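Student: I have the model open and want to go through its side-chain contacts. Where should we start?

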Amino acid sequence: VSRNNSPPERPGDPIMRSFSLTLFAVAALVAGCESMSSRLTDRFANVPPHTRIFAADQKTVYYAAQTAVRKAGLHLGRTSIAQWSIDGYAPVRSGTATSDARQTTIEIRLFETETLETRVELLVWEHTEGGFPGSVSERALREHSLYEIYHAALQQVLQDGELLKSPAKP
């Protein structure tokens with residue numbers, strides 16, 4: 001006859017339950033840290049611009065690009081033919097008690113290719129302002145519908161020949 005001096009295991013033993021809960025909490029914490037780490041990496045990672053080549057000279061594309069900013073539903077911001085750059089912006093979306101104010105902007109840079117076509121680089125940014133002073137942040141967006149919308153608008157302007165010699169800013 002063998003004797004076992006340990007007490008019989010009972011389902012729902014408080015020590016086992018607390019060990020299981022601790023193990024679950026540690027697993028959840030580690031999983032949360034991993035997703036937080038990837039979100040931080042995404043936020044500070046270098047986002048390359050979306051690039052398209054257009055079969056037109058740089059000056060023609062420069063003026064068409066300004067018209068396309070408005071056709072894409074944005075306002076024309078800073079422009080510089082010396083740097084071949086154009087900035088556009090959407091109106092600020094107001095914040096509420098539970099959300100921050102946001103604004104979307106675009107940066108367009110033009111480069112002449114060896115074949116006298118024009119490479120257009122487009123980068124979409126999101127700017128966020130929180131409810132306390134100094135809480136402004138910005139980040140380049142890897143994916144956004146404005147990439148396709150803008151490139152389609154630019155292609156349409158170039159096809160239709162709607163460009164103005166020097167589009168007026170609003």
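**Contacts and exposure**

Student: What is the relative accessible area of R119?
Tutor: This is a predicted model, where local features need pLDDT of at least 70, side-chain atom pairs count only at pLDDT 80 or more, and totals for chains, interfaces and linings use all residues. Side-chain values use heavy atoms and leave out hydrogens and water, and residues are numbered from 1 along each chain as its sequence is written. Buried means under 20% relative accessible area, exposed over 50%, and partly exposed in between (1.4 Å probe, protein chains only). R119 therefore counts as partly exposed, at 27%.

Student: Which residue meets R119 in a salt bridge?
Tutor: A salt bridge needs a side-chain nitrogen of Lys or Arg within 4 Å of a carboxyl oxygen of Asp or Glu. Here the N to O distance is 3.2 Å. The partner is buried, since its relative accessible area is 18%. R119 meets E121.

Student: How many salt bridges does the structure hold?
Tutor: Side chains of opposite charge can pair when their charged atoms come close. R119 with E121 is one such bridge. The structure's total is seven.

Student: How far apart in sequence are the parts tied together by R52 and E148?
Tutor: R52 and E148 form a salt bridge, with the closest N and O atoms 2.7 Å apart. R52 lies in strand β1 (residues 50–54) and E148 in helix α3 (residues 145–160). Helices (H or I, at least four residues) and strands (E, at least two) are DSSP runs, numbered from the N terminus. The pair therefore ties together parts separated in sequence by 96 residues.

Student: What is the relative accessibility of E148?
Tutor: Its partner R52 is partly exposed, with a relative accessible area of 31%. E148 also counts as partly exposed, at 47%.

Student: Which residues are linked with E107 in a network of salt bridges?
Tutor: E107 meets R109 in a salt bridge at 3.9 Å, N to O. E107 is partly exposed at 28%, and R109 is partly exposed at 23%. The network links E107 with R78, D87 and R109.

Student: What is the angle between the ring planes of Y62 and Y63?
Tutor: Rings of Phe, Tyr and Trp (its six-membered ring) pair if their centres lie within 6.5 Å; planes under 30 degrees apart count as stacked, over 60 as edge-to-face and the rest as tilted. A search of the whole structure finds two aromatic pairs. Y62 and Y63 have ring centres 5.3 Å apart, and the pair is edge-to-face because its planes meet at 75°.

Student: Are these two tyrosines buried or exposed?
Tutor: Y62 has 4% relative accessibility. Y63 has 14%. Y62 is therefore buried, and Y63 is likewise buried.

Student: Which residue forms an aromatic pair with Y62 at 5.7 Å centre to centre?
Tutor: This pair is edge-to-face, with 90° between the planes. Y62 lies in helix α2 (residues 58–71) and its partner in the loop between β2 (75–80) and β3 (85–89), so the pair ties together parts that are 22 residues apart in sequence. Ring pairs link Y62, Y63 and this partner into a cluster. The partner is W84.

Student: What is the phi of W84?
Tutor: W84 counts as partly exposed, because its relative accessibility is 22%. It is not a glycine, yet its phi is positive, at about 55°.

Student: Where is L116 found?
Tutor: L116 is a residue other than glycine with a positive phi, near 65°. At 57% relative accessibility, it counts as exposed. L116 sits in the loop between β4 (101–112) and β5 (118–129).
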